[in-house]
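Here are my notes on this one, as numbered points you can check against the coordinates. Could you go through them with the structure open?

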Amino acid sequence: MPAPSPAAFRSFRATFPTCLVILRFPFPHIIYAAMMKPSLLATKFYRPAPSAKQVERQHLIRRMNEGLEIGHLLTLVSAPAGFGKTACVNAWISQLDRPSVWLSLDAADDDPGRFFTYFTAGLKQVDDRLGKEVETALFTGQLPPAQTIASVILHAVLGSDRAFVFVLD
């Protein structure tokens with residue numbers, strides 16, 4: 001699978017500005033606490049609180065579970081703003097028996113260095129070994145091409161024995 005380019009990330013976010021992307025990695029699971037860099041906002045990793053007025057979408061949760069069971073590695077939840085994507089995925093994650101990472105994105109995360117810094121910190125919440133090679137490169141000041149970073153991360157994740165769900169909101 002080729003690594004996406006920074007232009008592909010920008011194009012995707014421009015085309016689907018109200019999408020929630022879920023990356024799933026189908027491996028046995030154990031959760032580890034991550035040590036985050038002091039400059040990272042911990043709140044970007046907080047799952048949103050459930051709403052009292054939340055509409056149950058069991059059919060969508062069932063479809064996401066089916067995707068997980070058959071081994072899909074990526075699920076894209078797309079709908080207009082305010083249609084409950086975040087609430088639905090949050091409800092789904094609360095029912096899973098595997099660790100999850102939630103990363104809330106904003107316009108500043110269009111910068112590949114910033115995005116991969118947060119993404120790597122999220123991976124470390126699941127397994128401290130994930131992203132070690134990339135972390136060093138991210139903090140040296142000379143950022144490698146995004147394709148290189150994505151390839152190294154993908155290789156590490158696919159070589160891991162941890163099962164987890166990573167949500168990009």
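1. A term to settle before we start: I call it a salt bridge when a side-chain nitrogen of Lys or Arg sits within 4 Å of a carboxyl oxygen of Asp or Glu. Bear in mind too that this is a predicted model.

2. On the overall layout, the protein chain has six helices and four strands. Read from the N terminus, the order of elements is α-β-α-β-α-β-α-α-α-β. Of the 169 residues in the chain, 38% count as buried. Take the contacts between residues at least 6 apart in sequence: 84% of them join residues at least 24 apart. The chain exposes about 9,400 Å², with carbon and sulfur atoms supplying 60% of that.

3. Helix α4 is the element I'd look at early on. It covers residues 112-126, 15 residues in total, and reaches 21 Å from its first C-alpha to its last, close to the 21 Å expected at 1.5 Å a residue. How many of those residues are buried? The count is 14 of the 15, so α4 is largely enclosed by the rest of the structure.

4. Now the nonpolar core. As a general point, nonpolar side chains in soluble globular proteins tend to be buried together. Here the largest such core has 23 residues, and the members that touch the most others are Phe116, Phe119, Leu123, Ile153, Phe164 and Phe166. Two or more residues each come from β3 (100-103), α4, α5 (132-138), α6 (146-158) and β4 (164-168). Which of these gives the largest share? That is α4, with seven residues.

5. Leu123 is a handy place to centre the view. With neighbours within four places in sequence set aside, Leu123 is in contact with Leu130, Ile153, Val157, Phe164 and Phe166. A separate core of 13 residues lies apart from the largest one, and its members include Met64, Val77, Val165 and Val167.

6. On to charges: the structure holds 11 salt bridges. One of them pairs Asp109 with Lys44, with 2.7 Å between the closest N and O atoms. This pair links distant parts of the chain, 65 residues apart: Asp109 is in the loop between β3 and α4, while Lys44 is in the loop between β1 (19-25) and α2 (58-69). Are these two partners buried or exposed? Asp109 has a relative accessible area of 4% and Lys44 has 5%. The cut-off for buried is under 20%, so both residues count as buried.

7. Arg114 and Asp106 also meet through their side chains in a salt bridge, at 3.9 Å from N to O. Arg114 is partly exposed at 26% relative accessible area, and Asp106 is partly exposed at 34%.

8. A further salt bridge joins the side chains of Asp161 and Arg162, 3.7 Å from N to O. Asp161 is partly exposed, with a relative accessible area of 43%, whereas Arg162 counts as buried at 9%. Back to the residues of points 6 and 7: salt bridges that share partners join Lys44, Asp106, Asp109 and Arg114 into one network.

9. Asp161 is worth one more look for its location. It lies in the loop between α6 and β4. Asp161 and Asp127 are 34 residues apart in sequence, yet 9.5 Å apart in space, C-alpha to C-alpha.

10. Glu133 gives another spacing to check. Glu133 sits in helix α5 and is exposed, at 54% relative accessible area. How far apart in space are Glu133 and Ile153? From C-alpha to C-alpha the distance is 8.3 Å, with their positions 20 residues apart in sequence.

11. Last, the surface. Leu73, Leu74 and Leu158 make a nonpolar patch of about 270 Å². Leu158 lies in helix α6 and is partly exposed, with a relative accessible area of 47%. Helix α6 also appears in point 4, as one of the elements that give two or more residues to the largest core.

Notes:
Residues are numbered from 1 along each chain as its sequence is written. This is a predicted model: local features need pLDDT of at least 70, side-chain atom pairs count only at pLDDT 80 or more; totals for chains, interfaces and linings use all residues. Side-chain values use heavy atoms; hydrogens and water are left out. The expected span of a helix is 1.5 Å times one less than its number of residues. Buried means under 20% relative accessible area, exposed over 50%, partly exposed in between (1.4 Å probe, protein chains only). A nonpolar core is a set of buried Ala, Val, Leu, Ile, Met, Phe, Trp, Tyr and Cys residues joined through side-chain atoms within 4.5 Å. Contact means heavy atoms within 4.5 Å. Accessible areas come from the Shrake-Rupley method with a 1.4 Å probe; for residues, only the protein chains shown count as cover. Patches are made of residues with over 30% relative accessible area and no salt bridge: like charges are joined within 9 Å, nonpolar side chains (Val, Leu, Ile, Met, Phe, Trp, Tyr) within 5 Å.
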